[in-house]
Amino acid sequence: MDILGLHVPRFTLSRRLHIPSGAAALCLLWVATGALAQTPAGPGNLVNALTTLTNEGVYKFDALEFDAAAANDAAYNALYPLCANSPATGAPTGNCTGTTALLFAKLRNLEDNANQFLGTGETAYSLRLSPEGLAAALRWTAPEEYAAQGSLATRFANSQASVLASRFSALRFASHSLSLADSDGSDIDINDVVAAANYGALGGGASGDIADATFGRLSIFANGSFGTGDKGPTTFEDAFSFDDTEASVGADYRLFSHWVVGVMAGHTERRVDFNSEQSIVDGKIRGNGQGALAYFQYDGDLFYMNGSVGLQHLSLGTVRRITYPSNNPDVPSVNDTSLSNTGSNTLTASSSAGMTLHWRGFAAEPYLNAQYMHVTINAFTEHSGEGFDFDVGEQHVTSTQLAAGLKLQYALLLPFGVIVPYAYGEYRHEFSDDTARLIDSTYAAVGNTVATGMDLPTDAAPNHYYIVGGGGTIVLKHGLQGFMQYYRVMDYANYTDHVVSGGLRWEF
């Protein structure tokens, strides 16, 4: 064929075709010129049919559907020499058995449906679906569900960071109380008592109680949390709802009056249920994992700083449904379920610095926080025995965030102790360009000898978002302290996210 006076030969579609939304118009122009015409290796015509229908204004296909069509064309072309019946014998020409034969038969149904639209080639095995029905079938074949695995892993890291932030606040309570207790009490007045109450003074109302109080160097704590939310659909990611529960325990030791070191361990149970009312999808992901981190904090009279480093592991089990109808009485509908198990490993590091400003019972705390996270999701293979299983490659997510926040609180002195209600807000900015990733997937029945899969891109994290929250701390005698907190993630594209947490601390 000639394009702008140049002869361009037609060629075989044997490479993975990824059509991101930003390049959709260019790709449509490319395929419209005939560059993706039927290949000599086999009658793979899905992309050709989608392009023809789009150009004729019959139906507008999106980038995920084009990706699925290209991958199915390439897989069908790879299997055609093995599985197509010989005219002489009427049997497959190669070793086409088991899941290979099942995959070929299902791909042939889609290809014959495309041939029916084009009015060419074999149509006996067509599903006889409309363009809309074919688009839905193509989306069912794509494994875009695995984009949600990254959300589970990053939420685990963020929830442990929130638990640690609460722990640092408790340590600042104790540090400032300890500073007052070390004085001789002669110059402590009610203002000092109120200021100390912001940080855990145990006496509750008399300066003498603070001056005579004793504070231990060792403390232990336990926290629990429950979070829930949902995600809206995008081109390459499905809608889903999620929830998670988490429990953490830890201990720390005060080396000096202003220096503390500690460790924390946590366990989590996480759930994702895909929303079939908003996306063409059905299935779920279940995860459970453990995490551990070490931390330190320095708390001066005005300024403080802290830091942590940790590792987390999350086991992930996924149920992915592939189901679409057939309007051909000689061709069965597809109703498959692919299962998979894999794991993720996450390295986290964080550091914070801030200052605390007092005025009687009020305190204001401006702060900065930096957090780094690197997530690796291991490669895995789906299993069902029905043909549509994928080999999915290793995935990586990297995030580098900086947060600026302000916390406001007020101390209420009561006969039995101190109650400190507080509220805070954060602005978070994402600096990493690696929050999006490719889900590298290849049909397991075809293998990796040819490029027959889909490199499906996930959505990148937003450049910025906000967190708002509030809660209360209660400080009692004998080193006992508790808290309850709620926070919500705001302006995070396509997500809603709510978390309630609480915990106890005992110093001795």
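This is a short talk on some helices, strands and single residues in the structure above.

Thank you, everyone. Please keep in mind throughout that what we are looking at is a predicted model, and that the values I quote were computed from it.

Let me begin with the whole protein, which holds 8 helices and 20 strands. Of its 508 residues, 52% are buried. If we take the contacts with a separation of 6 or more, 69% of them are between residues 24 or more positions apart.

I would like to spend some time on helix H3, which runs over residues 63-83 and therefore has 21 residues, with 29 Å between its first C-alpha and its last, close to the 30 Å expected at 1.5 Å a residue. At the start of this helix, a side-chain oxygen of aspartate 62 comes to within 3.2 Å of the backbone nitrogen of leucine 64. Further along, H3 bends by about 25° at asparagine 77, and proline 81 follows within four residues of that point. Why do we say that H3 is largely enclosed by the rest of the structure? Because 17 of its 21 residues are buried.

Asparagine 77 itself, at the bend, has a relative accessible area of 6%, so with a cut-off of under 20% it is counted as buried. Its C-alpha is 9.5 Å from that of phenylalanine 104, and the two residues are 27 apart in sequence.

Now, how do H2 and H3 pack, and at what angle? Helix H2, residues 46-55, packs with H3 at an angle of about 145°, and the two axes are 7 Å apart. On the H2 side the residues that meet H3 are Leu46, Val47, Leu50, Thr51 and Thr54, while H3 brings Glu65, Phe66, Ala69, Ala70, Asn72 and Asp73. Sorted by class, this contact of H2 with H3 has 6 nonpolar, 3 polar and 2 charged residues.

Helix H4, residues 98-118, also has 21 residues, and it reaches 31 Å from its first C-alpha to its last, again close to the 30 Å expected at 1.5 Å a residue. The residue that follows H4 is glycine 119, whose phi is positive, near 70°.

The loop between H4 and helix H5, the latter spanning 131-141, contains arginine 128. Arginine 128 has a phi near 60°, which is a positive value in a residue other than glycine. Its relative accessibility is 42%, so arginine 128 counts as partly exposed.

A second residue of this kind is aspartate 491, which is not a glycine and yet has a positive phi of about 60°. Aspartate 491 is in the loop between strand E19, residues 480-490, and strand E20. Is aspartate 491 buried or exposed? At 53% relative accessibility, it counts as exposed.

Another loop residue is proline 325, between strand E7 (303-324) and strand E8 (334-355). Proline 325 is partly exposed, with a relative accessible area of 47%. Its C-alpha is separated by 7.7 Å from that of leucine 127, although the two residues are 198 residues apart along the chain. If we do not count residues up to four places away in sequence, proline 325 touches Leu127, Leu129 and Ser333.

I will finish with two strand residues whose side chains make polar contacts. Aspartate 497 sits in strand E20, which covers residues 495-507, and with a relative accessible area of 12% it is buried. Which side chain does the side chain of aspartate 497 contact? The partner is arginine 155, in a polar contact of 2.4 Å. Leaving aside neighbours within four places in sequence, the residues in contact with aspartate 497 include Thr228, Gly229, Phe242 and Tyr487, as well as Arg155.

Serine 219 belongs to strand E3, residues 218-231, and it is buried, its relative accessible area being 2%. Its side chain is joined to that of aspartate 252 by a polar contact of 2.5 Å. With neighbours within four places in sequence again left aside, serine 219 is in contact with Arg167, Gly250, Ala251, Asp252, Arg505, Trp506 and Glu507.

How values were computed:
Residues are numbered from 1 along each chain as its sequence is written. This is a predicted model: local features need pLDDT of at least 70, side-chain atom pairs count only at pLDDT 80 or more; totals for chains, interfaces and linings use all residues. Side-chain values use heavy atoms; hydrogens and water are left out. The bend at a residue is the angle between axes fitted to the seven residues ending there and the seven starting there. Buried means under 20% relative accessible area, exposed over 50%, partly exposed in between (1.4 Å probe, protein chains only). A polar contact is a pair of N or O atoms within 3.5 Å; within protein, one must be able to donate a hydrogen and the other to accept it, and residues adjacent in sequence count only if both atoms are side-chain atoms. Axes are lines fitted to C-alpha atoms, for helices over the stretch in contact, and angles run from 0 to 180 degrees between N-to-C directions. Contact means heavy atoms within 4.5 Å. Ala, Val, Leu, Ile, Met, Phe, Trp, Tyr, Cys and Pro count as nonpolar, Asp, Glu, Lys and Arg as charged, and the others, Gly among them, as polar.
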